[in-house]
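Biologist: I should like a close look at a single part of this predicted model. Please begin with the local setting and then relate it to the packing of the rest of the chain.

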Amino acid sequence: MAKSSGPPPIVFILLFFLLAGGAFFFLNKPASQDAQNTPTPTPAADGGANLPPVAPVPSGASPVAASSFAPPTSVAPGTVVKIDGSTSMVTINLNLKKGFQGKFSGTKVDTKANGSANGIKDLVAGTADIAAVSQPLTAGEQSQGLTAVPVALDAIALVVGTNNPFTGGLTVAQVQDIFKGNTQDWSKVGGPAGPIKIINRPEVSGTHQTFKEQVLKGANFATGPNITTLDRDATTPLLQALGNNGIGYATFAQVVNQKTVRVVPVDGATPDAGNYPYQRQLYYVYKNPPSQAVKDFLGYATSPEGQKAMLAEN
C-alpha cells in the first residue's frame with residue numbers, strides 16, 4: 001500500500017483547536033477593549049459655565065443650552081438681579097421674580113421690558129445682568145462674550161379686534177401678502193370689503209425681527225398709509241390700535257386671555273397647536289463670566305421649580 005504524502009492527522013486537529021480558540025476570544029472580547037480609545041465625556045466642574053457659546057439656532061431647530069447652572073439651595077441676602085429685554089417675556093420675568101424672591105428672602109429681581117435689542121445693549125454696557133430676548137444671538141453678539149440659555153417655547157399670534165368683521169383664518173401665503181402690502185383689502189382673504197390696517201411693532205422689538213425672518217422670510221414690511229409702526233415695543237397699545245379693521249401680532253401668552261381681541265388661525269392651526277407655523281424659542285442671555293447672582297437666577301429659572309413658577313397664573 002502506498003503511503004499518504006499529506007500531513008499527519010494530528011496537524012489538522014491542532015489547527016482546528018487554534019482557529020476555534022481564536023474565534024472564541026474575538027467574539028467574546030469585552031466591549032471595553034473595543035472602546036478603550038474612545039474618550040469619555042467629563043462634565044465641567046462649574047456645571048458647564050465655561051462651555052463656549054453655541055452658534056445661532058436656525059429657525060425651526062431645537063436649540064441646546066450653551067451652559068447650565070445647578071439649582072441654588074441658598075442665595076445670599078442682598079442679591080440683586082437686573083433683567084431687561086423682550087416684551088414677550090414680561091409674564092415669564094414677573095413669575096420668576098415672584099418665585100425667586102419668595103424662595104430666597106432678601107433677594108431682589110428688577111425687571112424691565114425695553115425690547116430685545118435694548119436688553120442686549122444694557123447687558124453689554126453692564127447696566128443689566130440678564131437680557132431677555134426672543135431671537136437667537138448673532139455671531140457678533142456671541143463674539144462679545146454673550147451666551148444664550150433657552151428658557152421657554154413661544155408662538156407669535158396674529159390678532160384682530162373682536163369687532164372686526166373678518167372672522168376666518170389665513171394661510172401662510174395670505175399672511176405674507178398682507179404684511180408685505182400686496183393684499184390691502186379684507187375681501188381678498190375671505191372677509192367683507194374694507195381696508196386692512198397693519199399695526200406693526202418697532203424694529204427694536206425681538207418679536208418684530210422674528211416675524212420678519214420667520215413669517216416674511218426676510219422680506220420687508222409694507223410701507224404706506226395702511227401700516228402703523230408703534231413708537232415703543234408694548235403689546236397693550238398695539239391691541240388698542242387694532243380697531244375694527246386692524247391686524248397685528250404678539251406673543252401668544254400675552255393675548256390668549258384678552259377679551260378685546262381674537263386670535264387668527266393660520267393654515268387651520270391656532271398658536272397652541274403643535275403644527276402652528278410661527279413658533280420660536282425664548283432666551284435669557286448673560287455675559288461671560290457670569291456673576292454668582294446670574295448663576296443663582298438661571299439655575300432657578302431652568303430648574304423644575306422655576307419652570308413651574310414660570311407658567312403660574314396670576
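In which loop does Pro289 lie?

Modeller: Pro289 is found in the loop that runs between β9 (279-287) and α10. The model is a predicted one. Within this loop, the peptide bond between Asn288 and Pro289 is cis, with omega about -5°. Most peptide bonds are trans, and most residues other than glycine have a negative phi.

The helix that follows the loop takes part in aromatic packing. A search of the whole structure gives 14 aromatic pairs. One of them is formed by Phe100 and Phe297, whose ring centres are 5.4 Å apart; the planes meet at 65°, over the 60 degrees required, so the pair is edge-to-face. Phe100 belongs to helix α3 (residues 90-103) and Phe297 to helix α10 (residues 292-301), so that the pair links parts of the chain 197 residues apart. Both rings belong to buried residues: Phe100 has a relative accessible area of 0%, and Phe297 likewise has 0%. Phe100 and Phe297 are members of one aromatic cluster that also contains Phe104, Tyr284 and Tyr300. Tyr284 is, in addition, part of a separate second core of 26 residues, which includes Val75, Ile92 and Tyr286.

The largest nonpolar core has 37 residues, among which Leu158, Val175, Phe179, Phe211 and Ile247 touch the most other members. At least two residues come from each of β4 (146-161), α6 (172-179), β5 (197-200), α8 (235-240), β7 and α9 (252-255), and β4 gives the most, with 6 residues. Beyond its neighbours within four places in sequence, Val175 is in contact with Leu158, Leu170, Phe211, Val215, Val266 and Tyr278.

Phe211 also forms an aromatic pair with Tyr249, which is stacked, at 4.1 Å centre to centre and with 15° between the planes. This pair links helix α7 (residues 206-214), which holds Phe211, to strand β7 (residues 246-251), which holds Tyr249, across 38 residues. Phe211 is buried at 0% relative accessibility, and Tyr249 is buried at 0% as well.

Two further loops hold residues with a positive phi that are not glycine. Asp267, with phi of about 50°, lies in the loop between β8 (261-263) and β9. Lys217, with phi near 55°, is placed in the loop between α7 and β6 (227-229). The relative accessible area of Lys217 is 60%, so this residue is exposed.

Note on methods
Residues numbered from 1 in each chain as written. Predicted model: local features only at pLDDT ≥ 70, side-chain atom pairs only at ≥ 80, totals over all residues. Heavy atoms only, no water. Phe/Tyr/Trp six-rings, centres within 6.5 Å; stacked < 30°, edge-to-face > 60°. Helix = DSSP H or I, 4+ residues; strand = E, 2+ residues; numbered from the N terminus. Buried < 20%, exposed > 50% of the residue type's maximum accessible area, 1.4 Å probe, protein only. Core = buried A, V, L, I, M, F, W, Y, C linked by side-chain atoms within 4.5 Å. Contact = heavy atoms within 4.5 Å.
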